[in-house]
Amino acid sequence: MTVGSTPIDLGRLRRAVGRRVKRIGAARFLVEGRSEPSYLVDLESDTPCSCVDARARGRGCLHELCARLHAGDSALVYLVAEMLAAAEREARTLRVRSRARASNAA
Ligand SMILES: [Zn+2]
């Protein structure tokens with residue numbers, strides 16, 4: 001899946017949601033990293049991030065996705081809302097199954 005020219009990996013997007021991020025310019029962000037304290041992401045650059053993942057894959061690293069979420073990229077916000085809705089549906093299904101199993105056992 002891609003949004004604009006950015007490939008979107010849903011696992012990366014999910015992990016991007018909880019990262020700390022600070023806007024330091026119109027399109028520039030500092031995103032909390034793991035192997036380094038933070039990464040500078042410039043959404044107007046052809047190479048938005050300098051992390052190992054971005055160097056290997058080009059666009060779409062977790063830090064870029066985090067910065068895009070923070071910037072209010074509506075396509076990404078929509079994807080996060082879809083993931084939450086899918087998780088809620090799954091939780092509801094599991095609760096129903098669990099209740100059915102409990103009443104069968106009774
Ligand atoms: Zn990165």
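Here are three short exercises on the sheet around strand β4, each with a worked solution.

This is a predicted model, in which local features need pLDDT of at least 70, side-chain atom pairs count only at pLDDT 80 or more, and totals for chains, interfaces and linings use all residues. Residues are numbered from 1 along each chain as its sequence is written.

**Exercise 1.** Work out in which order the strands of the sheet lie.

Solution. Start with the terms: strands are DSSP runs (E, at least two residues) and helices are too (H or I, at least four), numbered from the N terminus. Two strands pair if DSSP finds at least two bridges between them. Now take β3 (residues 21-23): it pairs with β4 in the antiparallel sense over three bridges, and K22 has L30 as its bridge partner. Next, β4 and β5 (residues 38-42) run antiparallel, joined by five bridges, with F29 opposite V41. The result is an open antiparallel sheet in the order β3-β4-β5. That leaves β3 and β5 as edge strands, each pairing on one side only.

**Exercise 2.** Find how many residues connect the strands in each hairpin.

Solution. Follow the chain from β3 to β4: this hairpin has four residues between its strands. Then go on from β4 to β5, where the hairpin connection is five residues.

**Exercise 3.** Sort the residues of β4 by face, covered or uncovered.

Solution. First recall the rule: side chains in a regular strand alternate between the two faces of the sheet. Then walk along β4 (residues 28-32): F29 and V31 belong to the covered face, while R28, L30 and E32 make up the uncovered one.

Conventions. A residue is buried if 20 or more other C-beta atoms lie within 10 Å of its own, exposed if 12 or fewer, and partly exposed in between; C-beta atoms are placed from the backbone.
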